[in-house]
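Q: Got a minute to go through this one with me? I'd like to start with a single residue and work outwards.

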Amino acid sequence: MTTDGANSINGTMASSKADTPNEETPLSPSHSLSPSESQDQYERIGGRAGTSFFDTLIHLLKGNIGTGLLGLPLAVRNAGLVLGPLSLLVMGIVAVHCMDLLVKCSHHLSARLGLPFLDYGEAVEHGLATGPGSWLQRHSVWGRRLVNLFLIVTQLGFCCVYFVFLSDNVKQVIEAANGTTNDCHTNLTAVIVPTFDSRLYMLCFLPAIILLVFIRNLKWLAPLSLMANLSMCSSLVLVYWYSITNISYPVSLPYVGKAKDYPLFFGTAIFAFEGIGVVLPLENKMQKPASFRRVLYLGMVIVTFLYISLGTIGYMCFGDHIGGSITLNLPDCWMYQIVKLLYCFGIFITYALQFYVPAEILIPQVVARFPERWVLVIDFSIRTLLVMLTCALAILIPELDLVISLVGSISSSFLALIFPPMLEIITFHREGLSYWVITKNVVISIIGFIGFVAGTYVSIQQIVIRSAERHAHNGTMSFSL
């Protein structure tokens, strides 16, 4: 399994779309589509070469399960043993509803404009172009640009999380290597030998990741991606097994967490659920796109179950000692050290897949301004600078749980909760929406905006506090030496 959101599928599908003339060329404006003709045209988008029901389901699961899942036990701790799972359930229902709204609006706009397919940014742009008010219509292109901006922020945010995840887990494995045993129950002989700061580990990973993103064709990453999926899947099974078999009874944990920690829960949870970027590309590539809603609901039921179960079980197992990733709480025996390394391998490969989306959005616009002979140099230079940027941001904020919460609060809130309900109101303003539907959409968007403000504020506040504590601790250590 790959990422929160392996929105890299978005870039893959976008490139496929550009390579397919029939999908790139709009239908003749003079040809008015009847509902049946529109559906026939819609059914032909995927074609015989499209993905099957099962393949699309697997891609949807891959697009929603990743590092965000491993951070959910800490999120449940921030919300409480009862309130956390209930909130995850509600958030799952709202998230899949917003995904369904995006698909619904894309269908409607495609039929209205005679276009076979719209991606997320195009749906927002055309929704504004045909929406109420001349001002929105004149500035509709900014809708697509805004969506692309948040996609870039989200994907690069994922990459920052990967740097922190890799450094924290590899550091832990190396420091416990001398005392690692085969006993995964007591592990009394494990000896932690402090090494250097986790941020230096990030710098060690930097050259390897830069070389990895120089692979510009995802086809060459396919074998490694398959290995990454298998390693992450097997690691996840072992994480579940350890958590389930090591719960201490009776469980005496707070049912409701502190109110000041709930925004951190929101940011982490919405980070985990932010797979909305894969929805339209996956639907477009299905053999039978009309079956996509069944795929969507089935897939998100599985995802929500995994989120609630691991979040709850992980918190019950490790209690208040739960880390930013549940892998950091696994015992220092060889089996679980290998689990950490396998998951790290999967995340390392996933970096390139997540990086594909911002690269495909940004690089073509820049290289188009240079002569042909400079294209490759400029391409590699931008890739290097973007990787260095994500590494620098990770070094500035080496706190896994807070980076996850911050990325989720800032960008995932808009993509997953705020934009889709507003898009439905704008898209169907001519048809007339009921008062209940408008109220529901406004409430979802307001909740998303409140989560964005509160989650961002609390995440930044905690980053400042932990940074001050870390500097104070380093100063004390230096003084004592």
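**Helix packing, residue by residue**

A: Sure. Setting aside neighbours within four places in sequence, Asp100 is in contact with Arg293, Leu296 and Tyr297. Keep in mind that this is a predicted model.

Q: Which helix is Asp100 in? And is Asp100 buried or exposed?

A: Asp100 is in helix H7. It counts as buried, because its relative accessibility is 11% and the cut-off for buried is under 20%.

Q: Let me zoom out for a sec. How many helices and strands are there in the protein?

A: There are 19 helices and zero strands.

Q: And how much of the protein counts as buried?

A: Of the 481 residues, 55% count as buried. Also, among contacts with a separation of 6 or more, 86% are between residues 24 or more positions apart.

Q: Back to H7. How does H7 pack with H8?

A: H7 covers residues 83–113 and H8 covers residues 120–129; they pack at an angle of about 60°, with their axes 10 Å apart. That makes H7 oblique to H8. The crossing is left-handed.

Q: Which residues meet there?

A: From H7, Leu102, Leu109 and Leu113; from H8, Tyr120, Ala123, His126 and Gly127. By class, that contact has five nonpolar, two polar and no charged residues.

Q: How many residues of H8 are buried?

A: Seven of the ten, so H8 is largely enclosed by the rest of the structure. The buried ones are Tyr120, Gly121, Ala123, Val124, Glu125, Gly127 and Leu128.

Q: What do those buried residues pack against?

A: Besides H7, they pack against helix H9 (134–138), helix H10 (141–175), helix H14 (279–284) and helix H18 (400–427).

Q: What caps the N-terminal end of H8?

A: Asp119 does: one of its side-chain oxygens lies 3.2 Å from the backbone nitrogen of Gly121.

Q: You mentioned H9. Is Arg138 in there buried or exposed?

A: Arg138, which is found in helix H9, counts as exposed because its relative accessibility is 57%, and the cut-off for exposed is over 50%.

Q: How far is Arg138 from Leu128?

A: C-alpha to C-alpha, Arg138 and Leu128 are 8.6 Å apart in space, and they are ten residues apart in sequence. Leu128 is one of the buried residues of H8.

Q: OK, new topic. How do H7 and H13 pack?

A: Their angle is about 45° and their axes are 10 Å apart. That makes H7 oblique to H13. This crossing is right-handed, whereas the crossing of H7 and H8 is left-handed.

Q: Who's in that contact?

A: On the H7 side you have Leu83, Gly84, Ser87, Leu88, Met91, Gly92, Ala95 and Met99. On the H13 side you have Tyr262, Phe265, Phe266, Ala269, Ile270 and Phe273. They divide into eleven nonpolar, three polar and no charged residues.

Q: Any thoughts on the spacing along a helix?

A: An α-helix has 3.6 residues a turn, so residues three or four places apart point the same way.

Q: Nice. What about H6 and H13, how do those two pack?

A: H6 (residues 72–79) and H13 (residues 262–273) pack at an angle of about 150°, and their axes are 8 Å apart. They are therefore roughly antiparallel to each other. Their crossing is left-handed.

Q: And which residues meet?

A: Leu72, Ala75, Val76, Asn78 and Ala79 in H6 meet Tyr262, Leu264, Phe265, Thr268, Ala269 and Ala272 in H13. The class count is nine nonpolar, two polar and no charged. Tyr262, Phe265 and Ala269 are also among the H13 residues that meet H7.

Q: Last stop, Thr390. Where is Thr390?

A: Thr390 is in helix H17, residues 375–396. It counts as buried, because its relative accessibility is 1%.

Q: What polar contact does its side chain make with another side chain?

A: The side chain of Thr390 makes a polar contact with the side chain of Tyr351, at 2.6 Å. A polar atom of the Thr390 side chain also lies 2.7 Å from the backbone oxygen of Val387.

Q: And which residues is Thr390 in contact with, leaving aside neighbours within four places in sequence?

A: Leu156, Cys159, Cys160, Phe163 and, again, Tyr351.

Terms used: Residues are numbered from 1 along each chain as its sequence is written. This is a predicted model: local features need pLDDT of at least 70, side-chain atom pairs count only at pLDDT 80 or more; totals for chains, interfaces and linings use all residues. Side-chain values use heavy atoms; hydrogens and water are left out. Helices (H or I, at least four residues) and strands (E, at least two) are DSSP runs, numbered from the N terminus. Buried means under 20% relative accessible area, exposed over 50%, partly exposed in between (1.4 Å probe, protein chains only). A polar contact is a pair of N or O atoms within 3.5 Å; within protein, one must be able to donate a hydrogen and the other to accept it, and residues adjacent in sequence count only if both atoms are side-chain atoms. Contact means heavy atoms within 4.5 Å. Axes are lines fitted to C-alpha atoms, for helices over the stretch in contact, and angles run from 0 to 180 degrees between N-to-C directions. Angles under 35 degrees count as roughly parallel, over 145 as roughly antiparallel, 65 to 115 as roughly perpendicular and the rest as oblique. A crossing is left-handed if the near helix is turned anticlockwise from the far one by less than a right angle, and right-handed if clockwise. Ala, Val, Leu, Ile, Met, Phe, Trp, Tyr, Cys and Pro count as nonpolar, Asp, Glu, Lys and Arg as charged, and the others, Gly among them, as polar.
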